[in-house]
Amino acid sequence: QCRVYMSLDALRLEVPDLIEDRPESTLNELAALLAAARSERVETGLQSILALLFRLNRCNLTLLERQLTLQSFSAEYQFYAQAFQSHKQPSALFIRLNHEMAAGFKRLLLQILQGRSPSRPHLAWCLYMAVHFLAHSMLRHFQLYQEPPPSIWRDSHLLYWIGEHQNCLDELVAAAFIPLPANTLRGLYQQMLLLALSNPFHLAEGEAFELFSALAPIASLGRLLPWDSEDDSEGPIVDLGESEPCLGPKQKVTSAAEHLRRLELGALLIALHEPAPLRTKTQQALLENVQLHWLGRMQRQHERSETNGSCNLIIGLQEIHKRLMGHDTQVSNAQMLDSSAGGTCLLCHGDQGGDLSVGQLLLLLGGNGTSTLAIVRWRHLNSEGLHIGLRYLTGLPRPIWLRRAPGSQARPGVLQSTSAAGNNWHHAVWLTLDLFSEGESLWLQLVNADKQTVIKLPAANLLTPCVSRHPLKLS
């Protein structure tokens with residue numbers, strides 16, 4: 001009875017309609033067609049196998065035919081995924097391939113559930129593969145700073161629920177994909193949740209990919225527990241009937257209790273601080289930075305107010321230095337959406353994404369001749385354009401030159417000076433990332449000043465993928 005109930009409920013999965021009978025010739029020639037696609041350029045090959053999979057997903061195939069077909073396409077997927085690792089942004093075709101792979105495994109799952117007596121390992125494998133491609137579709141959208149389609153969460157929640165009721169959550173599945181997925185359905189689903197909870201639009205380019213891998217070994221340590229209205233413990237609340245990863249911190253619970261789970265993270269948070277030889281320093285730093293978001297502790301520090309105006313930007317340290325020296329520079333225009341004492345949200349042209357990366361240094365030009373340093377904290381691309389969140393960097397920006405010796409090549413920097421109590425000043429210098437080494441002796445010269453000051457470059461107190469900030473003591 002449970003199996004029949006589950007299979008009927010699974011019919012709510014988003015799968016394409018079957019519109020064609022068995023394509024005998026395509027099935028017989030599939031291996032040759034896939035091999036021919038591999039010999040093409042990546043995008044051309046992707047287009048070829050996507051067209052094949054699109055057609056086969058809409059054909060009437062037996063369970064065995066569909067399974068063998070999807071296994072063949074899984075091997076091809078791994079081949080094409082090599083072109084979109086780490087910092088390489090995925091193409092629209094590759095994202096579409098993830099979507100079609102998920103659709104194929106969801107269709108296979110329906111056939112398995114409607115069969116006589118599916119084995120638990122077989123069912124667990126199919127559930128896992130469907131969630132895997134939904135997880136990768138979500139990841140690829142985050143890499144492009146785009147919101148994943150709501151259907152990804154709707155289907156992922158339902159697949160987890162099926163696995164929960166069929167006792168498949170902890171069946172081990174061997175899946176050699178890149179980036180590394182967790183090896184159980186529970187772990188993979190919670191890997192998705194944790195990435196979505198990690199404020200992904202604040203991550204620098206390549207960090208979503210790295211974070212997904214870092215979560216793989218520990219994601220299964222979390223537990224989705226039944227929701228209890230009297231339980232006021234910390235942890236995100238997941239509504240398995242909704243089209244979002246979890247409820248917001250102030251969102252009211254309106255669904256029936258059987259649809260609700262609370263993500264208990266206690267064991268996982270302890271594991272973050274245990275020795276992990278295979279975890280890189282980059283991954284450890286990422287995990288430590290995002291864990292506060294999992295419990296909703298990162299609250300807004302400044303009240304924001306909506307605004308409607310335009311502003312001009314200078315992008316990047318090199319261009320900022322030129323502008324501060326009085327030279328002509330390229331100026332970009334943006335629309336201000338809201339602002340606060342701590343920063344602002346801007347809407348820019350969508351094609352500016354390559355310049356306005358997370359961690360980029362900007363100079364906002366005021367209408368009265370003033371200028372303010374800022375840094376890009378997050379970004380999000382949608383149909384309106386590129387939304388970016390800026391953090392203001394208080395203080396007076398001034399152009400400086402730095403040299404390794406008095407007569408050597410001058411490198412640009414920006415000196416940020418902030419007034420302090422007692423007629424004092426706090427100083428910091430902004431440099432292009434990795435331009436100089438910590439402890440290196442440098443000659444610092446203010447523009448339009450003859451005197452050079454010798455400094456020993458201190459350790460950076462702020463690092464981004466683009467720039468570093470170093471505190472200075474200047475007389």
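Which residues lie nearest the centre of the second largest pocket? Leu197, Leu247, Gly248, Pro249 and Gly296 do. Before I go on, a reminder: this is a predicted model.

Let's stay with that pocket. Its lining counts 30 residues. Two elements give two or more residues to the lining: α9 and α12, which spans 281-294. The space inside comes to about 900 Å³. By class, the lining of this pocket splits into 17 nonpolar, 7 polar and 6 charged residues.

Now the closed spaces. Rolling a probe the size of a water molecule over the atoms shows where empty space is left. How many cavities of 30 Å³ or more does the structure hold? The number is 2. I'll take the second largest cavity, at about 60 Å³. Three helices each supply at least two residues of its lining: α6, at 92-113, plus α7 and α8. Helix α6 gives the largest share, 4 residues. The residues lining this cavity are Glu14, Asn98, His99, Ala102, Lys106, Phe133, Leu134, Ser137, Ser151 and Ile152. Sort them by class and you get 4 nonpolar, 4 polar and 2 charged.

Keep Phe133 in mind. Phe133 lines that second largest cavity, and Phe133 also belongs to a cluster linked by ring pairs. The other members are Tyr77, Phe84, Phe94, Phe105, Trp125 and Phe177.

That brings us to the aromatics. The count for the structure is 10 aromatic pairs. Take Phe142 and Phe201. Why is this pair called edge-to-face? The ring planes stand at 85°, and over 60 counts as edge-to-face, so the pair gets that label. The ring centres of Phe142 and Phe201 are 5.8 Å apart. Where do the two sit in the chain? Phe142 is in helix α7, residues 120-143. Phe201 is in the loop between α9, 185-197, and α10, 207-215. The two are 59 residues apart, so this pair links distant parts of the chain. Buried or exposed? Both Phe142 and Phe201 are buried.

Next pair: Tyr160 and Tyr189. These rings are stacked, with 20° between the planes and 4.4 Å centre to centre. Again the pair links distant parts of the chain. Tyr160 comes from helix α8, residues 150-165, and Tyr189 from helix α9, 29 residues apart. Buried means under 20% relative accessible area. Tyr160 has 1%, so Tyr160 is buried. Tyr189 has 0%, so Tyr189 counts as buried too.

Now charges over rings. Which arginine lies over the face of Phe79? Arg38 does, at 4.3 Å from the ring centre. There is also Arg58, whose charged end sits over the ring of Phe54. Here the distance to the ring centre is 3.5 Å.

One polar residue to finish: Ser91. Ser91 is in the loop between α5, residues 63-81, and α6. Its relative accessibility is 14%, so Ser91 counts as buried. What does the side chain of Ser91 contact? A polar contact of 3.0 Å joins the Ser91 side chain to that of Glu43.

To recap on the model in front of you. Helix α9 helps line the second largest pocket and carries Tyr189 of the stacked pair. Helix α7 holds Phe142 and supplies at least two residues to the lining of the second largest cavity. Helix α8 also supplies at least two residues there, and Tyr160 sits in α8.

How values were computed: Residues numbered from 1 in each chain as written. Predicted model: local features only at pLDDT ≥ 70, side-chain atom pairs only at ≥ 80, totals over all residues. Heavy atoms only, no water. Phe/Tyr/Trp six-rings, centres within 6.5 Å; stacked < 30°, edge-to-face > 60°. Buried < 20%, exposed > 50% of the residue type's maximum accessible area, 1.4 Å probe, protein only. Lys NZ or Arg CZ within 6 Å of the ring centre and 35° of its normal. 1 Å grid on protein atoms, 1.4 Å probe; cavity = no way out; pocket = protein on both sides within 12 Å on 5 of 7 lines; lining within 4 Å. Points joined across faces, edges and corners; volume = space filled by probe spheres on them. Nonpolar A, V, L, I, M, F, W, Y, C, P; charged D, E, K, R; others polar. Polar contact = N/O pair within 3.5 Å; in protein donor to acceptor, adjacent residues only side chain to side chain.
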